[in-house]
Amino acid sequence: MATAAAEEVYELPAAAVRTLAQPGLRLELHCISISHYCMRAKWALQLAGLPYTAVHYLPLAHIAGIKRLQSRFGKGAGATSATASSKSPVATPVLAVYSPDGKPVCLIANSTLISRYAALRAAALGLPGLGQHLYGPSLDLAPPAAAAAVDDATSSSSSGSKVVGAGPEYEAVSQLELRLSGTMGIEVRRVMYHYLLPRWHLAGHLFSANAGSTIGWLLSPPTYLLSRLLLPKVMAINAATAARGMQRLQEEFDFFDSLLLTQQQQQQSKKAAVAAAADGSSSSSSKLPYYLCGPQLTAADVSLAGLGGHVVGVPAGQMGLAWSPGIGDMPKELQHFMQLLRERPTGQFILEMWRVHGPLLQQGAK
């Protein structure tokens, strides 16, 4: 079974920190249309109540788009960095932040960093809803290391600030989020691509239906063919790694099944105690009876549902896709595997997360 990894360092560019409480910003999320990592970022922005425009690319075609974006913003506007799921400098999603008058301000890459930015901005603006509580009450920014080390205005203005938190809730959410990025997210992608890419009627249709624009639709056939040729090499996708991926996903579902059972038992005990103290009457503002880290929705739940949605067959419409193959369309081996995962407690939780807290709204998709 996979174990929780040490927390990654999440750092916001200084320009991004200055925008946290600034009203009227224009947010533009550049993403691969079918990516589950991008879905996680969209979900966090939506929960935070931050309007954004989604700019969609297909796999591989995103490389030129992200490079154009980086060129538009120039050096010092924020850069991509290696994460638990990707070491590519052109990985998606990337959140482009523009001033109210449309001037480029900064880029924020990495779905987990975008999620933290969304929570911090929701708190800074005092927005209602669940967004500012995704990491618990302690999410904050640490002073820039360079600014603390030397009294240099130039240094302090260009340094980033680490996004930090404290307490058991933040630690639990952060560890689960990183675990999901480094295991479930990677293996879902590997398993699904292994079975879908060789089949034009599945992957080809998935690409064309979710191209996002007329030009994208016209380019979807060669994009699919290049993806079928290159992605297995780049992502080490083959029969052996897909089989290992299936095993690892089952182990991860074992872990989350156990975690959900523990949370169910704890919440039932708390509700029983509250009901007894209130002569049998109790109420709850939570939309689900329990979540991964307690009675409230957190970024860990968003990560599990977002990264696991494809492999349990969440319907295309709920995921904001124009079309995706249903379980009944899949090759028999994958169909059987998805159905098994779907019926497990974790699979049922993922489906319920999408039903209760979705659908994911695609705002101004291009």
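Let me begin at Val-234, which has its place in helix α9, residues 214-234. What we are looking at is a predicted model, and in it Val-234 is exposed, with a relative accessible area of 66%. Val-234 belongs, together with Leu-226, Leu-229 and Leu-230, to a nonpolar patch on the surface, and the accessible area of these residues together is about 370 Å². As a reminder on helices, an α-helix has 3.6 residues a turn, so residues three or four places apart point the same way.

For the overall picture, the protein chain has 13 helices and seven strands, and of its 366 residues 50% are buried. The accessible surface of the chain comes to about 15900 Å², with 57% of that belonging to carbon and sulfur atoms. If we take the contacts in the chain with a separation of 6 or more, 78% of them are between residues 24 or more positions apart.

From the surface patch I turn to a helix in another setting, namely α11, residues 299-308, where 10 of the 10 residues are buried, so this helix is largely enclosed by the rest of the structure. Among those buried residues are Asp-301, Ser-303, Leu-304 and Gly-308.

Now to the strands, and to β2 in particular. Six of the seven residues of β2 are buried, so this strand, too, is largely enclosed by the rest of the structure. Which strands does β2 pair with, and in what sense? With strand β4, residues 94-98, the pairing is antiparallel over five bridges, and Arg-26 stands opposite Tyr-98 in β4; with strand β3, residues 53-57, the pairing is parallel, over five bridges, and there His-30 stands opposite Val-55.

His-30 deserves a moment of its own. This residue is found in β2, residues 26-32, and is buried, with a relative accessible area of 3%. The side chain of His-30 has a polar contact of 2.7 Å with the side chain of Glu-28, and a polar contact of 2.7 Å also joins His-30 to the side chain of Tyr-57. Leaving aside neighbours within four places in sequence, the residues in contact with His-30 include Ile-66, Leu-69, Thr-92 and Pro-93.

Glu-28 brings us to the salt bridges, of which a search of the whole structure finds nine. Glu-28 counts as buried at 5% relative accessibility, while Arg-26, its salt-bridge partner with closest N and O atoms 3.4 Å apart, is partly exposed at 35%. Arg-26 and Glu-28 are linked with Arg-72 in a network of salt bridges.

Elsewhere, Glu-187 forms a salt bridge with Arg-248, the closest N and O atoms being 3.0 Å apart. That pair links distant parts of the chain, with Glu-187 in helix α7, Arg-248 in helix α10, and their positions 61 residues apart in sequence. Glu-187 is buried, with a relative accessible area of 4%, whereas Arg-248 is partly exposed, at 37%.

A further salt bridge is that of Arg-344 with Asp-254, where the closest N and O atoms are 2.4 Å apart. Arg-344 lies in the loop between α12 and α13 and Asp-254 in helix α10, so the pair ties together parts that are 90 residues apart in sequence. Arg-344 has a relative accessible area of 19% and is therefore buried, as the term covers values under 20%, and Asp-254 is partly exposed, at 39%.

Lastly, Ser-208 lies in helix α8, residues 200-209. Ser-208 and Ser-220 are 12 residues apart in sequence, with a C-alpha to C-alpha distance of 5.2 Å.

Key
Residues numbered from 1 in each chain as written. Predicted model: local features only at pLDDT ≥ 70, side-chain atom pairs only at ≥ 80, totals over all residues. Heavy atoms only, no water. Patch = residues over 30% accessible without salt bridge, like charges linked within 9 Å, V, L, I, M, F, W, Y side chains within 5 Å. Areas by Shrake-Rupley, 256 points an atom, 1.4 Å probe, with all protein chains shown as cover. Salt bridge = Lys/Arg side-chain N within 4 Å of Asp/Glu carboxyl O. Helix = DSSP H or I, 4+ residues; strand = E, 2+ residues; numbered from the N terminus. Buried < 20%, exposed > 50% of the residue type's maximum accessible area, 1.4 Å probe, protein only. Polar contact = N/O pair within 3.5 Å; in protein donor to acceptor, adjacent residues only side chain to side chain. Contact = heavy atoms within 4.5 Å. Pairing = 2+ DSSP bridges.
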